[in-house]
Amino acid sequence: DTLPDPLIMVNKDCSIIGANLAARKLFSTDLANKNFLSFVDDKRINEAINKVLHKTTRQVDLNICLNLLKDKPKFYLRINDLPWFAKGDIVAVISFYDLNKVLKFEQMHQDFVANASHELRTPLSVIAGFIETLQTSAKDDEKARDKFLKVMQEQTTYMSKLIENLLSLSKIDLSLTSIPDGKVSINPIIREIKDASQLKLNNKELTLKTSFARLPKIIGDSAQITQVLQNLIDNAIKYADATTISVKLVYKENCTQEEIEYLKNC
């Protein structure tokens, strides 16, 4: 019962002789004396168990979805026969290893690659654009050079934070459930993004209009909020069908119930 993985022990007729605590929790029912073949009713599992029970092989491994359980979780099953001196008529043990954590980890790796390529593209393109401008049209413009270097420094800092987060999969996983404790001002973030996006705006002959309000600081992660706002503005620039993009910040003390529910869902 102290073992974390579900274990089920069967006799030569495949009746369940015993099951540990993890197995009883997994199936949420009394397993004693039930026939495992009829209980699970899966062709691949039945064939694998029969091979072990009839001594065709001593061990069978397979990946399987347990259709009898909610959400049909995926497991790695190992079916082993026991030596002739095993007590209690037990002839085989069926071990269940949950593959959901493995699959989740694989998905995190896929998200990592997609996220990294997407998130790093914006600051890199900003820096590359300003470098090109400094080498050409703004080569002798001291005022523009100081402004562009400031933006490039901000984008480099932003990119460093992205890399720090992206390279730590454990931190990404933890951030799904942990609540940030830092306080963030939104107005300066919007201003920084506007400055960094100026070249893109000029290339597409767009104007980014901003309207600020006196906003209190909010609890959040500065890098993540910057990332979200940067993505929104990038998408607006990319898909704009007008000449002006507007970003308006509004402070509302009293929200309607409908607005509160909408924000909760977000």
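User: What makes the charged end of R191 count as sitting over the ring of F212?

Analyst: In this predicted model, the charged end of R191 lies 4.3 Å from the centre of the ring of F212. The rule asks for CZ of Arg within 6 Å of the ring centre and within 35 degrees of the ring normal, and since the contact is listed as a charge over a ring, the name follows from that rule, with 4.3 Å inside the distance limit.

User: Why is the pair of F130 and F148 called stacked?

Analyst: A pair of aromatic rings is described by the distance of the centres and the angle of the planes. For F130 and F148 the centres are 4.5 Å apart and the planes make an angle of 25°; because rings pair when their centres lie within 6.5 Å and planes under 30 degrees apart count as stacked, both values meet the rule, and this is therefore a stacked pair. By this rule the count comes to five aromatic pairs.

User: Where along the chain do F130 and F148 lie?

Analyst: F130 belongs to helix α4 (residues 100-135) and F148 to helix α5 (residues 142-166), with their positions 18 residues apart, so that the pair links distant parts of the chain.

User: How do you know whether F130 and F148 are buried or exposed?

Analyst: The relative accessible area is 2% for F130 and 14% for F148; because buried means under 20%, F130 is buried, and F148 is buried as well.

User: What makes P4 buried or exposed?

Analyst: P4, which is found in the segment before β1 (7-10), has a relative accessible area of 67%; exposed means over 50%, and P4 is therefore exposed.

User: How do you know that β7 and β9 pair, and in what sense?

Analyst: At least two bridges are needed for two strands to pair, and strand β7 (residues 207-211) and β9 have five bridges, in the parallel sense, with K209 standing opposite S246 in β9. Strand β9 also has a covered face, made of I245 and V247, and an uncovered one, made of T244, S246 and K248.

User: Which residues line the largest pocket, and of what class are they?

Analyst: The largest pocket has a volume of about 850 Å³, and of the 21 residues that line it, the closest to its centre are I186, K248, L249, V250 and L263. By class, the lining has 17 nonpolar, one polar and three charged residues, and the largest share, four residues, comes from α9.

Definitions and conventions. Residues numbered from 1 in each chain as written. Predicted model: local features only at pLDDT ≥ 70, side-chain atom pairs only at ≥ 80, totals over all residues. Heavy atoms only, no water. 1 Å grid on protein atoms, 1.4 Å probe; cavity = no way out; pocket = protein on both sides within 12 Å on 5 of 7 lines; lining within 4 Å. Points joined across faces, edges and corners; volume = space filled by probe spheres on them. Helix = DSSP H or I, 4+ residues; strand = E, 2+ residues; numbered from the N terminus. Nonpolar A, V, L, I, M, F, W, Y, C, P; charged D, E, K, R; others polar. Buried < 20%, exposed > 50% of the residue type's maximum accessible area, 1.4 Å probe, protein only. Phe/Tyr/Trp six-rings, centres within 6.5 Å; stacked < 30°, edge-to-face > 60°.
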